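Hi,

Here is the structure I said I'd pass on. Have a look first, and my notes follow underneath.

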Amino acid sequence: MRKKFIAGNWKMNKNLKDAKLLAIALKNKLAGVNNVTIAVCPAAVCIDAVAQILKDTNISVGGQNIYFEKEGAYTGEVSADMLLSAGAKYVILGHSERRQYFKETDEIINKKIQTALNVGLLPIFCLGETLEEREAGKTFEVVRTQLEGGLNNINSEKMLKITIAYEPVWAIGTGKTATKEQAQEVHKFIRNWLKEKYGMEISEKVIIQYGGSVKPSNAAELMNQPDIDGALVGGASLDPDNFADIVKFK
Ligand code: PGA
């Protein structure tokens, strides 16, 4: 059985003081919850402080982005090793906001995934279709292209270190969640793609999270789908009660 994995994506929210307060609240609210893997992904500048607060707890820390070069003259960028050294275990890569606003392509995302794995950071690889693509009947085609591009040259050993997050763009931050049937359908498609590329055993082990307006009221029905193994939570992860309720979904 795959252990559910619920991660909070704080995006560009919470300054250092507020990030610390949120981390302390979550540490208290989620103490002793060990049936779910839990992570929070603050802004890069807050990772060190949040990781110190959450050290030796059941909550891991992740980053939201890295640059694919190892180090050097890339003003403003943050490397995989920097995130790791600040206390991150995971890194979100390929988020639709990065694809949309920062023009990240599947090729760039693939480089970032390789770079993260090379230093030992565990990628949470996001993908998903836009509303236009869904309405044009292109969901599977888009998801397949993103899988092929993002996971190019990723062997089985590496694949086991990657979490996939299916996040339909039309459901992110809109309050409009995919129905459990819509989400399960795409998750199953992703798992079948993994099965074709890596075989049954690996496809059954990879965690596939759903993301897009996950909240306490819809977490359980999504999580109870056979191929939905957790959630990547944006807006609702900024409130400790909401995030804790999602983690403790029933
Ligand atoms: P949302 O964001 O929960 O606010 O829709 C999810 C995400 O972008 O990871």
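The chain has 12 helices and 8 strands. Bear in mind that this is a predicted model. The radius of gyration is 17 Å and the globule rule gives 18 Å for 250 residues, so the chain is as compact as a globular protein of that length. If you want box dimensions, the C-alpha trace spans about 45 × 45 × 35 Å along its principal axes.

Some whole-chain numbers next. Of the 250 residues, 52% are buried. Among contacts with a separation of 6 or more, 74% are between residues 24 or more positions apart. The exposed surface comes to about 11,700 Å², with carbon and sulfur atoms supplying 50% of it. On charges, I get 32 positive and 30 negative side chains, and the centres of the two sets lie 5 Å apart.

The part I'd zoom in on is strand 7, residues 208-211. Strand 7 runs parallel to strand 6 (residues 163-166), with 3 bridges joining them; A165 has Q209 as its bridge partner. Strand 7 is also parallel to strand 8 (residues 230-233), this time through 2 bridges, and there G211 is partnered by L232.

So what happens to the two faces of strand 7: are they covered or not? In a regular strand, side chains alternate between the two faces of the sheet. Here I208 and Y210 sit on one side, Q209 and G211 on the other, and all of them are buried, which leaves both faces covered. Note that Q209 and G211, the residues in the bridge pairs above, are on one and the same side.

Cheers

How values were computed: Residues are numbered from 1 along each chain as its sequence is written. This is a predicted model: local features need pLDDT of at least 70, side-chain atom pairs count only at pLDDT 80 or more; totals for chains, interfaces and linings use all residues. Side-chain values use heavy atoms; hydrogens and water are left out. Helices (H or I, at least four residues) and strands (E, at least two) are DSSP runs, numbered from the N terminus. The radius of gyration is taken over C-alpha atoms; the globule rule is 2.2 Å times the number of residues to the power 0.38. Buried means under 20% relative accessible area, exposed over 50%, partly exposed in between (1.4 Å probe, protein chains only). Contact means heavy atoms within 4.5 Å. Accessible areas come from the Shrake-Rupley method with a 1.4 Å probe; for residues, only the protein chains shown count as cover. Lys and Arg count as positive and Asp and Glu as negative; His and the chain ends are not counted. The place of a charge is taken as NZ of Lys, CZ of Arg, CG of Asp or CD of Glu. Two strands pair if DSSP finds at least two bridges between them.
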